[in-house]
Amino acid sequence: MHRGYVDTPDGQIHYRMAGESGPTVFCLHESPVSSWEFERTLPLLGARCRAIAFDTPGYGLSDPPPGPIDIAEYARRMLPAIEHFAPGGRFAFATVHTGTSIALELITEHLAERTTHAIFSGVPMIKPEQVAAFTARIGEPTIDAAGDFLTDMWATRRKNWGEDTDLETIHAAIAQHLSIYPRFHWAFQAVFSYDAEAALKKIRCPLYVINAEGDSLAQIDKEAAAIVPGAQFKLVPGVGGQLPFRAPEIYAREVLNFIGA
């Protein structure tokens with residue numbers, strides 16, 4: 001696995017990559033982390049395909065936009081990075097949460113004829129009446145002199161990801177959260193205003209919705225899969241979330257099998 005940057009008209013996009021041959025798979029992460037979410041999966045995918053995981057603009061090491069943007073703009077900003085690795089070619093998407101919203105926009109509005117497969121883990125199909133609850137759960141950046149926001153962040157992450165999550169994983173996620181803290185909520189705001197259901201109804205490529213049993217969007221995923229004719233659905237028991245990071249062997253096997261690699 002190696003890292004690098006793609007230069008685009010809107011700044012640099014950071015990526016992790018593994019594999020040099022076979023089908024191309026673009027991996028898009030959840031917020032507020034980065035392509036770190038795929039670092040355990042990429043070498044496994046790379047044994048049979050070209051797997052590239054991007055940092056969403058404004059997250060990880062990718063340059064941020066000047067202010068909050070919507071999902072359509074996130075997708076537009078990522079198109080040059082996709083073209084860099086697959087100019088005119090075909091590819092699959094393997095995505096989590098925010099990455100799924102961005103992939104839906106890319107697939108349905110820009111790359112429908114070039115997307116061979118989609119593997120979604122967490123489809124943010126948030127209904128209007130659910131937005132307030134999800135917004136409260138995510139919070140907004142608030143820095144106080146005593147540093148109480150740091151312990152609050154730790155407690156919130158453990159609550160959201162499950163108290164059985166190992167502390168090293170929590171620490172790694174918190175470190176990434178802090179690195180982009182003033183804008184960590186931008187992508188969440190974009191997701192909450194995006195009509196994922198309408199986009200799902202436009203999907204024409206084979207779709208596999210697979211998620212961890214304990215993921216916050218696990219039950220929504222079942223509804224999402226039912227919208228797309230022929231879509232497959234699976235929940236992996238005993239995993240709290242972040243399937244590519246916490247269960248990389250299972251995730252990589254399922255992705256490779258689905259895309260025929």
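Reader: A charge sits over a ring if NZ of Lys or CZ of Arg is within 6 Å of the ring centre and within 35 degrees of the ring normal. With that in mind, how far from the ring centre of Trp161 does Arg157 lie?

Author: In this predicted model, Arg157 lies over the face of Trp161, at 4.8 Å from the centre of the ring.

Reader: OK, and what about Arg40, which ring does its charged end sit over?

Author: That ring belongs to Phe245, and the charged end of Arg40 is placed over it at 3.8 Å from the ring centre.

Reader: Staying with rings, how many aromatic pairs are there?

Author: The count comes to 13 aromatic pairs. To take one of them, the ring centres of Phe38 and Tyr251 are 6.3 Å apart and the planes stand at 55 degrees, so this pair is tilted.

Reader: Why tilted, at 55 degrees?

Author: Planes under 30 degrees apart count as stacked and those over 60 as edge-to-face, with the rest called tilted, so the 55 degrees between Phe38 and Tyr251 makes that pair tilted.

Reader: And where do Phe38 and Tyr251 lie?

Author: Phe38 belongs to the loop between β3 (24–28) and α1 (42–46), whereas Tyr251 is in helix α11 (residues 248–259), so the pair ties together parts that are 213 residues apart in sequence. Phe38 and Tyr251 are both buried.

Reader: How are the rings of Tyr181 and Phe184 arranged, then?

Author: Their centres are 5.5 Å apart and their planes are at 20 degrees, so Tyr181 and Phe184 form a stacked pair. Both of these residues are buried as well.

Reader: Which residues do ring pairs link into a cluster?

Author: The cluster is made up of Tyr15, Phe26, Phe54, Phe85, Phe91 and Phe93, linked by ring pairs.

Reader: Switching to pockets: what volume does the largest one have, and which residues lie nearest its centre?

Author: The largest pocket has a volume of about 620 Å³. Its lining takes in 36 residues, and those nearest the centre are Arg137, Ile138, Thr156, Asn160 and Phe188.

Reader: Which helix gives the most to that lining?

Author: Helix α5 gives the most, with seven residues. At least two lining residues come from each of α4 (131–138), α5 (148–161) and α7 (186–192).

Reader: How do the lining residues divide between nonpolar, polar and charged?

Author: For the largest pocket, the lining divides into 15 nonpolar, 13 polar and eight charged residues.

Reader: And enclosed space: how many cavities of 30 Å³ or more are there?

Author: There is one cavity of 30 Å³ or more, and the largest cavity has a volume of about 50 Å³. Among the residues lining this cavity are Asp10, Gln12, Pro57, Asp63 and Arg77. Strand β2 (residues 11–18) supplies the largest share of the cavity lining, three residues, and the lining as a whole divides into two nonpolar, four polar and three charged residues.

Reader: Anything odd in the backbone, for example which residues does a cis peptide bond join?

Author: A cis peptide bond joins Ser31 and Pro32, with omega at about 5 degrees, and Pro32 is placed in the loop between β3 and α1. As background, most peptide bonds are trans, and most residues other than glycine have a negative phi.

Reader: What is the phi of His97, then, and is that residue buried or exposed?

Author: His97 is not a glycine, yet its phi is positive, at about 50 degrees. His97 is found in the loop between β5 (91–96) and α3 (98–109), and with a relative accessible area of 12% it counts as buried.

Reader: And what about Gln242, what phi does it have?

Author: Gln242, also not a glycine, has a positive phi of about 50 degrees. Gln242 lies in the loop between β8 (232–236) and α10 (243–246), and its relative accessible area of 4% makes it buried.

Reader: Last topic, the whole chain: how many helices and strands are there, and what share of residues is buried?

Author: The protein chain has 11 helices and eight strands, and 56% of its 261 residues count as buried. A compact globule of 261 residues would have a radius of gyration near 18 Å, and the 17 Å of this chain agrees with that. Along the principal axes, the C-alpha trace spans about 50 × 40 × 35 Å.

Methods:
Residues numbered from 1 in each chain as written. Predicted model: local features only at pLDDT ≥ 70, side-chain atom pairs only at ≥ 80, totals over all residues. Heavy atoms only, no water. 1 Å grid on protein atoms, 1.4 Å probe; cavity = no way out; pocket = protein on both sides within 12 Å on 5 of 7 lines; lining within 4 Å. Points joined across faces, edges and corners; volume = space filled by probe spheres on them. Helix = DSSP H or I, 4+ residues; strand = E, 2+ residues; numbered from the N terminus. Nonpolar A, V, L, I, M, F, W, Y, C, P; charged D, E, K, R; others polar. Phe/Tyr/Trp six-rings, centres within 6.5 Å; stacked < 30°, edge-to-face > 60°. Buried < 20%, exposed > 50% of the residue type's maximum accessible area, 1.4 Å probe, protein only. Rg over C-alpha atoms; globule rule 2.2 N^0.38 Å.
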